[in-house]
Amino acid sequence: MNMPTMFERGRQALAKLAMEPQWEARFEAHSYGFRPGRSCHDAIQAIFDAIKHKAKYILDADIAGCFDHISHPALLQKLDTYPTMRQAIKNWLKAGVLTEGVYAPTEQGTPQGGVISPLLMNIALHGMETAILQAYKVKERPQVVRYADDFAIFHPTEEGVKKAQTVVESWLREIGLDLKPSKTRISHTLTPYQGNIGMDFLGFTIRQTPVGKNRTGTNGHGQPLGFKTIITPSKEAIQGQIRKVGAIGKKCQAASQERLIRQLNPVIRGWSNYYRAVVSKVVFSHCDHAVYEITRSWARRRHPYKNGYWIKDRYWKTDETRKWIFRDQEGHTLRNHSDTAIRRHLKVKGNASPYDGNFLYWSKRLRHHPMLYGKLARLLQKQQGKCRWCELTFRNGDRVEIDHITPKNQGGGDELSNLMALHRHCHDQRHARNAEIGIHDKDARIEEPDDGKAVTSGFESRQEGAILLA
């Protein structure tokens, strides 16, 4: 991976800000990866919509070394921009890589560590969906769903997906790319095809299961189908989560119960929020049992000479609704995966983009973001999706933080009426202004330690519980 210098990363960020609105107005409807306002959940919901009424064949494909092998001439020809921007991008593409003092030229591909690289990849792959659809008659067209360099094509017939594969391979060769044979396969959503059934995509397993008349799905006319489309967390994703929790348990063998809970809660919350939009109830219970086994092993290792009853009374508590609650003496409680309620995701509309000026649609959509929860979600609804400081609408990709209206050291509390959602930079401006006039909020923490910091990558350095909406 070649990482540009900080100066060049800044220049790339400016170029991206200039080019992204233009291309967001042109990108195809079923492209979801590395785009503002779109997520993995939108791609999964698009797949569900494509197959929920009919069993279909699937071309599940991956592009081999997409970032590394994009043809520079083909990409530069597609850019359709003014000469200065085109020259700047060409220089970034041709800059080369310096590894331990040895220079290596880059004749193809985009810099994977570059800020602008995901946008350039989407520009290079723009047109693939259109090329596939134009190869079919209108009533025979397949459904295409692409997330970055992974994509899936759905068609009722085997010949239809094979034809799509031929079209894709021919189109990709024009920009210097090929499909990856080891990750490209044809399967069927309902019945086995060459040993394959369904597909795994973005950490989800997608397949259709034969069911009885009382549980069957129906088509658009209400007629029973004899099967149901089920989307669950993939086996690899479940195993990865259990391994991650187990690694934290081993790392914290000598740590206190409070520290173990603080380490586990963000991992459990973030993973559960990602999979809350699909059929995950049974999986969440399975993961909770695995977490119990890990915490029990942790507790028994700390007290090898104590019996199970003593250990249970020391580390697990009971309340009115639940038993076996992993909680310390100060009340810090380990979160369960099953504490996350299942909530279906509403897919983004067609070609909608945060740059299209439809602020009403995007402010409402932001309130139902799949990674939002608790006080932040309620504040966004209360503020109608707007920042209380600058009064601008929050957009996907903004960093949002919660702040007190009246600081706690001046008598303010943690009730919702005393909280507001701000952009991160607006939050900094507000505190800088308060510091100038002598107001200091010495305790900015507004939620319980295990609740406010679940799904942001940089939460350790901030107390406010920031969340990146992307």
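## Close-up views of a predicted model

**View of Glu293 and its partner in helix H11.** Glu293 is partly exposed, with 29% of relative accessible area. What you are looking at here, as in every view that follows, is a predicted model. The partner of Glu293 is Arg296, and the two form a salt bridge in which the closest N and O atoms are 3.1 Å apart. Both residues belong to helix H11 (residues 281-302), and because they are three residues apart there, about one helical turn separates them. Arg296 is also partly exposed, at 32% relative accessibility. Pairs like this follow a simple rule: side chains of opposite charge can pair when their charged atoms come close.

**The buried residues of H11 and what covers them.** Staying with this helix, which of its residues are buried? They are Val283, Phe284, Cys287, Asp288, Ala290, Val291, Ile294, Thr295, Trp298 and Ala299. Several elements help to cover these buried residues, including strand S9 (227-233), helix H9 (235-251), helix H10 (257-274) and helix H12 (308-315). Strand S10 (316-317) and strand S11 (325-326) are part of the cover too. The length of H11 can also be checked: at 1.5 Å a residue, its 22 residues should span 32 Å, and the end C-alpha atoms are indeed 32 Å apart.

**A salt bridge within helix H1 joins Arg11 and Glu8.** This view turns to helix H1 (residues 6-24), where Arg11 and Glu8 are three residues apart and therefore separated by about one helical turn. Their side chains meet in a salt bridge, with 3.1 Å from N to O. Are these two residues buried, exposed or partly exposed? Arg11 has a relative accessible area of 37%, which means that it counts as partly exposed. Glu8 is partly exposed as well, with 21% relative accessibility; the cut-off for buried is under 20%.

**A salt bridge between Asp80 and Arg26 links distant parts of the chain.** The side chains of Asp80 and Arg26 meet at 3.7 Å, N to O. These residues are 54 residues apart, and each sits in a loop: Asp80 between helix H4 (72-79) and helix H5 (83-93), Arg26 between H1 and helix H2 (40-51). Asp80 counts as exposed, with 53% relative accessibility, whereas Arg26 is partly exposed at 37%. If you would like to look for others, the structure holds 11 salt bridges.

**Four strands build an open, antiparallel sheet.** Follow the strands across the sheet and you meet them in the order S4-S5-S1-S6. Strand S4 (143-147) and strand S6 (185-188) are the edge strands; each has a single partner strand, so one side of each is left without a neighbour in the sheet. From one strand to the next, the twist averages 20 degrees. Strand S1 (residues 57-62) runs antiparallel to S6, and four bridges join the two. One place to find this pairing is Ile58, whose bridge partner in S6 is Ser187. Helix H2 lies across S4 and strand S5 (150-155), and runs at about 165 degrees to S4.

**Strands S4 and S5 form a hairpin.** Five bridges hold the antiparallel pairing of S4 and S5; among the partners are Gln143 and, in S5, Phe154. Although S4 is an edge strand, four of its five residues are buried, so S4 is largely enclosed by the rest of the structure. Two residues lie between the strands of the hairpin, and Ala148 is in the turn. Ala148 has a phi near 60 degrees, a positive value in a residue other than glycine. For comparison, most residues other than glycine have a negative phi. Ala148 counts as buried, at 5% relative accessibility.

**Glu391 has a positive phi in a loop.** What is the phi of Glu391? The value is about 65 degrees, although Glu391 is not a glycine. You will find this residue in the loop between helix H14 (374-382) and strand S12 (399-404). Glu391 is partly exposed, with a relative accessible area of 49%.

**The whole protein, and how confident the prediction is.** Stepping back, the protein has 15 helices and 14 strands, and 49% of its 470 residues count as buried. The average pLDDT is 85, and 89% of the residues score at least 70. Residues 440-470 call for care: the pLDDT there is below 50, and in the model this stretch has 88 contacts beyond near neighbours in sequence.

Note on methods:
Residues are numbered from 1 along each chain as its sequence is written. This is a predicted model: local features need pLDDT of at least 70, side-chain atom pairs count only at pLDDT 80 or more; totals for chains, interfaces and linings use all residues. Side-chain values use heavy atoms; hydrogens and water are left out. A salt bridge is a side-chain nitrogen of Lys or Arg within 4 Å of a carboxyl oxygen of Asp or Glu. Buried means under 20% relative accessible area, exposed over 50%, partly exposed in between (1.4 Å probe, protein chains only). pLDDT is the predictor's confidence in each residue, from 0 to 100. Contact means heavy atoms within 4.5 Å. Two strands pair if DSSP finds at least two bridges between them. Axes are lines fitted to C-alpha atoms, for helices over the stretch in contact, and angles run from 0 to 180 degrees between N-to-C directions. The expected span of a helix is 1.5 Å times one less than its number of residues.
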